[in-house]
Amino acid sequence: MTTGGQVAAVSRHEAYGFSKPNHASVTLLAGLGVEGDVHAGETIRHQFRMTYEPDLPNLRQVHLMHEELFDELAHKGYAVSAGQLGENITTRGVDLLRLPTGTLLHLGEEAVLEVTGLRNPCAKINDFRDGLLGEMFAIDPGTGEFTFKAGVMAVVRRGGTVRPGDAVEVELPAPPHRPLERV
């Protein structure tokens, strides 16, 4: 296990909406997600996907985004801060997009998340900031493959309270590693 960085911010919202307000802490519930967040649940809670896949397991219980993306976007003229793109946990110092599927993220003293895949950015991003959706995609210079930059999704394996400043420790799964795909 390696120390990967720290939690920069935590966010949740009890109603559907694009952005999520920041909080002093969030409580993660095993098998469910963020307590008090609209996306918590055993089955899929994504507003659009619930209409045609309501019984699928919820692989999107917690949305994590790397704060370094906000730095990159600022250089391109987009002012974005924690929670504004709908993430629950904003990290600093963790290369979330390069983690393999099944990576465990130990947050703070108790909580453990399992990374399930990439967030598929939606068109609502352009409603938030015109033209921003185009910045959520990239070609990986190492592989030449197309990728999403809008963070990763995870499920809660062990609950606990998470606060800004908490350490994030990364535990890779046993090889062979599977690259992240959108969920």
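What percentage of the 183 residues of the protein count as buried? The share is 44%. The legends below describe a predicted model.

**View 1. The whole protein, with its 2 helices and 13 strands.**
The C-alpha atoms fill a box of roughly 35 × 35 × 35 Å along the principal axes. The radius of gyration is 15 Å, which agrees with the value near 16 Å that a compact globule of 183 residues would have. About 9,000 Å² of the protein is exposed. Carbon and sulfur atoms supply 51% of that area. The protein carries 17 positive and 24 negative charges, and their mean positions lie 3 Å apart. Take the contacts between residues at least 6 apart in sequence: 69% of them join residues at least 24 apart.

**View 2. The largest nonpolar core, with 25 residues.**
Six residues have the most contacts inside this core: Leu-28, Leu-64, Ile-89, Leu-105, Leu-107 and Leu-113. Several strands give two or more residues to the core, including strand 1 (2-11), strand 3 (26-29), strand 5 (62-66) and strand 7 (104-107). Strand 8 (111-118), strand 11 (152-158) and strand 13 (167-171) do so as well. Strand 8 provides the largest share, 4 residues. Apart from this core lies another, of 16 residues. Ala-9, Phe-18, Tyr-78 and Ala-150 are among the residues of that other core. In soluble globular proteins, nonpolar side chains tend to be buried together.

**View 3. Leu-28 and the residues around it.**
Leu-28 is one of the residues with the most contacts inside the largest core. Residues up to four places away in sequence are not counted here. Leu-28 touches Val-62, Ile-89, Leu-107 and Leu-113, among others. Its partners also include Val-34, Ala-111, Val-156 and Val-162. Three glycines, Gly-33, Gly-159 and Gly-160, complete the list.

**View 4. Gly-117, a residue of strand 8.**
Is Gly-117 buried or exposed? Gly-117 is buried, because its relative accessible area is 0%. Beyond residues up to four places away in sequence, Gly-117 touches Val-152, Met-153, Leu-180, Glu-181 and Val-183. Leu-32 is 85 residues from Gly-117 along the chain. The C-alpha atoms of the two are separated by 17 Å.

**View 5. Thr-101, in the loop between strand 6 and strand 7.**
Thr-101 has 13% relative accessibility, so this residue counts as buried. Which residues does Thr-101 touch, not counting residues up to four places away in sequence? They are Val-115, Thr-116, Pro-173, Arg-178, Pro-179 and Leu-180. Arg-119 is 18 residues from Thr-101 in sequence. From C-alpha to C-alpha, Thr-101 and Arg-119 are 13 Å apart.

**View 6. Asn-120, in the loop between strand 8 and helix 2 (124-128).**
Asn-120 counts as partly exposed, because its relative accessibility is 28%. Leaving out residues up to four places away in sequence, Asn-120 touches Arg-60, Phe-148 and Arg-182. Asn-120 and Met-153 are 33 residues apart in sequence. In space, their C-alpha atoms are 9.5 Å apart.

**View 7. Lys-76, in the loop between helix 1 (68-75) and strand 6 (89-92).**
At 44% relative accessibility, Lys-76 counts as partly exposed. Glu-135 and Lys-149 touch Lys-76, with residues up to four places away in sequence not counted. How many residues apart in sequence are Lys-76 and Leu-133? They are 57 residues apart in sequence and 13 Å apart in space, C-alpha to C-alpha.

**View 8. The cis peptide bond between Pro-175 and Pro-176.**
Omega of this bond is about 0°. Where is Pro-176 placed? Pro-176 is in the segment after strand 13.

Notes
Residues numbered from 1 in each chain as written. Predicted model: local features only at pLDDT ≥ 70, side-chain atom pairs only at ≥ 80, totals over all residues. Heavy atoms only, no water. Core = buried A, V, L, I, M, F, W, Y, C linked by side-chain atoms within 4.5 Å. Buried < 20%, exposed > 50% of the residue type's maximum accessible area, 1.4 Å probe, protein only. Contact = heavy atoms within 4.5 Å. Rg over C-alpha atoms; globule rule 2.2 N^0.38 Å. Areas by Shrake-Rupley, 256 points an atom, 1.4 Å probe, with all protein chains shown as cover. Lys, Arg positive; Asp, Glu negative; His and termini not counted. Charge placed at Lys NZ, Arg CZ, Asp CG, Glu CD.
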